[in-house]
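Please look through the structure shown here, beginning with its nonpolar interior and then turning to one of its strands.

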Amino acid sequence: MHQPRRRLLLVLSIGLLPAVTWALLAPPRFPGPHARPRAGAGNGVGGYEFETRYFRQRLDHFSFPGVGDEEFFQQRYLVGHAGGWAGPGGPIFFYCGNEGDIAWFAANSGLVWEAAPRFAALVVFAEHRYYGKSMPFGSKDKAYNSSRSLAHLTAEQALADYAVLLTDLKRNLSAEASPVVLFGGSYGGMLAAWMRLKYPHISVGALASSAPILQFEDIVPHTIFYDLVSNDFKRESLSCFQTIRDSWKELDEQGNVQDGLLKLSKTFHLCQTLKSSEALSDWLSSAYSYLAMVDYPMSSDFLMPLPANPIKEVCRNIDKQPEGTSTLERIYAGVNVYYNYTGTVDCFDLDDDPHGMGGWDWQACTEMVMPMTSSEDLSMFPRYEFDYGLYADNCVKSFGVRPRPRWITTEFGGHNISSVLEKFGSNIIFFNGLLDPWSGGGVLKNISSSVVAIVAPLGAHHIDLRPTTKEDPDWLVSLRESELEIISGWLSDHYGAGGVLFQSAAANDRAAS
């Protein structure tokens, strides 16, 4: 996929503070268990019906322990009700689970469910190991107990899980000939693209939505994420942008005067008195980054219940305060849109998980090292420089491991992406919305006739995968249709001119009768 909270590690995107070390910051993550699954009727979510199943998955796919020493865990996956599936040989739409509860991703990936009947496809959502209910060693406490127990939480192991699960599922369904289309958004989109490249025989193509596969090493400018967040606010209101930019100094100064932390706690309606201003700065910077990710043109509850165009609403609240309102009071009025749009929260709790052992924190301290900085000229955040040495030292302190910052590009590539994928890649759609700060690490140009980029100037974080609504703008409707037409071409190529395409089992039954 995370309640915004104080973090010990710099993960995915870096929270920024004036004159403090990054080790105390709370960076925004890819959206994961930040929100809870919407309730649905029966065994389903968001109105999408499915059967919950578990698969006995090997803990380590890349070693051969002796007989009796093998370790396994139960991997959860969701299978859509198959009434519209064409049956053996029919397409399978497979969602590569992210860093969170798979039911939540299923509820927020309406495109997969809504497109399936059109292609008579079976829908499968697979949960990522160490997240949701797919816990090795029987529980989250045991799985997250130490670096030894977390050692197998890697993207490589997750992709192998998906490959083994799909192979076994197809065999059990007598559907070895069924073409598989991979889907994923954010980290899941990265996994979908990487799986298409690492296991090309497993699928016929992949839709990788908002997948920042280039956010590593020096492939893209380190400032790009926070520059894009800042641009999203600046495009709505220059005064709003400037108020946020000015607020960091005021927050820092007030936190250092007598009774300043108590005053800050009251201004921002916190449940407990702050012990330092850093936690509050983390909380605010996370909100701005999340708002940029989900600046959708329709109302949503993806991360929090939010109105359409939430950054516009935040800036309106900041700008409309009466004359004499302090900068920090304006900031509270704005951020309240994100954290309390429903008006049901009496106070805000900034406390973190006491164990500090979140799954993504571990991944960021091992292989998902995404360097980020904040520029003085373009950003509304304070100037910040990435310090890998400090980053690595904090990973050693927190987990007892040292990151491998070049491993992802060694394992999956990233440098010279155009020339590499033009020669060796095929059938991948990279979608990016340019309001999404993660788009700065995404593929934004066509690489070949079959590795294509679809870019939405007004789109946000994997908006293409979101369930359809009556508020969807025409450009979004057209964009989704373009994606489905490309997928249709992949399936047509698989079946060939003489094949019978997309004829559901239900249609076959009617014909037989």
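**The core and a buried strand**

The largest nonpolar core, meaning a set of buried Ala, Val, Leu, Ile, Met, Phe, Trp, Tyr and Cys residues joined through side-chain atoms within 4.5 Å, has 152 residues, and those with the most contacts inside it are F94, W194, M195, F233, F268, L284 and Y288. Helix α10 (residues 278-293) gives this core its largest share, 10 residues; helices (H or I, at least four residues) and strands (E, at least two) are DSSP runs numbered from the N terminus. Buried here means under 20% relative accessible area, with a 1.4 Å probe and protein chains only. This is a predicted model, in which local features need pLDDT of at least 70 and side-chain atom pairs count only at pLDDT 80 or more, while totals for chains, interfaces and linings use all residues. Residues are numbered from 1 along each chain as its sequence is written, and side-chain values use heavy atoms, with hydrogens and water left out.

Leaving aside residues up to four places away in sequence, Y288 touches V229, F233, I244, W248, I331, M380 and F381, where contact means heavy atoms within 4.5 Å.

Strand β7 (residues 205-209) is largely enclosed by the rest of the structure, because five of its five residues are buried. G205, L207 and S209 point one way from β7, whereas A206 and A208 point the other way.

Strand β6 (residues 180-185) pairs with β7 in the parallel sense over five bridges, pairing being assigned if DSSP finds at least two bridges between two strands, and L182 stands opposite A206. β7 also runs parallel to strand β8 (residues 428-433), joined by four bridges, with L207 opposite I429.

Technical notes. Buried means under 20% relative accessible area, exposed over 50%, partly exposed in between (1.4 Å probe, protein chains only).
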